[in-house]
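Welcome! Take a moment to turn the model around on your screen before reading on. The report below walks through it piece by piece.

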Amino acid sequence: MSDVPGFQHIPVLYEETLAALEIRPGGVYADGTIGGGGHSAGILERLDDQGRLFGIDRDQEALAAARKRLGDDHRVRLLRGNFHDAKAMLPEGLQLDGALLDLGVSSWQLDSPERGFSYHQNAPLDMRMDQSGGITAAEWLNISDEMTIKEALYQYADERWAARIAQIILEMRREKPFETTGDLVRAVDKAIPKAVRQKDEGHPARRAFQAVRIAVNDEIAPLTQALEDWVSLLKPGGRLAVISFHSIEDRVVKQAFKRLEVGCICPPKLPVCVCGKKPQVRLPRGYPAAASAAEAGDNPRARSAKLRIAEKL
Ligand SMILES: C[S@@+](CC[C@H](N)C(=O)[O-])C[C@H]1O[C@@H](n2cnc3c(N)ncnc32)[C@H](O)[C@@H]1O
């Protein structure tokens, strides 16, 4: 939890993540999704006076919370931006002993109605993590074609009713452009029959909100390249820990790590390797760590969390 008033976020898989990073006391670390600084505070506790921590977030308010919590620590440097651009953001030539990416949004972002991530309160439909640029979720829903909306709902949230929801969104916006979270909740309500909605164990709009958020913040497409970049920033033996919160994200992490783990990909019939591909990482555990029953009970957000680790060779 952060000590910044109003900023509430319990870091998930906290002990597991810090253990996985095998922190070297004098090492250089980066947290690409610093949020309220929960995990980073743990990294700092394990660093000595020579250690360094770079913290990145694309959300101005998250960064302000991290600054308030950690900013007077001389070992910390905070940077505003997208972790997809880490290679350009971090000092040239920097080699890291370890890095963390705790993907997605924080509880605080989800629970701040004015940010437009929540289907529980009616508010402007924004959903941008970086509010300094880009288009809001409302604008995205108002300008995207039906196929793009359908594909996003299907690919980013496995929404079975993707086609129908996309069709309803287009019908609704012809009457009145989308403006609020309530508009998106109404579209889902109209699209999914009541009997089906009533059988849903969670809120029927949660998948649509997840899909639109991922689309608006372009969370998936650049992730594979970003993971390769982060691995390239590690020293030999340095570790990258990635926490994901849904199966689509976890699949990207798993496949990216797998590709970095394997060497030659030449067809077996070739007598010598011509691709030149070398293994770049080892995966210290083949399967991801998940929250214990106790953590999942205390923090519902932890229920879907998966932690994967790659160690640079
Ligand atoms: C799950 S929270 C991290 C919480 C943090 N580990 C803690 O313990 O407080 C994710 C944070 O990452 C940020 N974020 C998500 N995607 C990002 C990206 N591509 N670049 C930079 N920050 C990002 C979000 O704004 C949010 O503050």
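## Around the ligand

In this predicted model, the ligand is surrounded by 26 residues. The closest of them are His-39, Asp-57, Asn-82, Phe-83 and Asp-102. It is worth finding these five on screen before looking at individual atoms.

Three of the polar contacts with the ligand are set out here.

| Residue | Part of the residue | Ligand atom | Distance |
|---|---|---|---|
| Asp-57 | side chain, N or O atom | oxygen | 2.7 Å |
| Arg-58 | backbone, N or O atom | nitrogen | 3.1 Å |
| Gln-109 | side chain, N or O atom | oxygen | 2.9 Å |

How much of the ligand does the protein bury? Taken alone, the ligand exposes 600 Å², and the protein buries 99% of that area.

## Two domains

Now step back to the whole protein. The domain assignment gives domain 1 as residues 14-104 + 220-312, while domain 2 covers 118-216. Domain 1 is therefore written as two stretches of sequence, under bounds that come from an automatic or database domain assignment. Measuring over C-alpha atoms is how the centres were compared, and 30 Å separate domain 1 from domain 2 on that basis.

## Where the domains meet

At the interface, 9 residues of domain 1 are in contact with 11 residues of domain 2. The two domains bury about 830 Å² between them, with 52% of this area on carbon and sulfur atoms. Which three residues supply the most of the area that domain 1 buries against domain 2? They are Arg-58, His-246 and Ile-248, which together supply 48% of it. Arg-58 may look familiar, as its backbone also appears in the table above, 3.1 Å from a nitrogen atom of the ligand.

The rule finds 1 salt bridge across the interface of domain 1 and domain 2. The side chains of Arg-80 and Asp-130 meet in a salt bridge, at 2.7 Å from N to O. By class, the side of domain 1 that touches domain 2 has 2 nonpolar, 3 polar and 4 charged residues.

How values were computed: Residues numbered from 1 in each chain as written. Predicted model: local features only at pLDDT ≥ 70, side-chain atom pairs only at ≥ 80, totals over all residues. Heavy atoms only, no water. Contact = heavy atoms within 4.5 Å. Buried area = accessible area lost by both parts, 1.4 Å probe. Salt bridge = Lys/Arg side-chain N within 4 Å of Asp/Glu carboxyl O. Nonpolar A, V, L, I, M, F, W, Y, C, P; charged D, E, K, R; others polar. Near = heavy atom within 4 Å. Polar contact = N/O pair within 3.5 Å; in protein donor to acceptor, adjacent residues only side chain to side chain. Areas by Shrake-Rupley, 256 points an atom, 1.4 Å probe, with all protein chains shown as cover.
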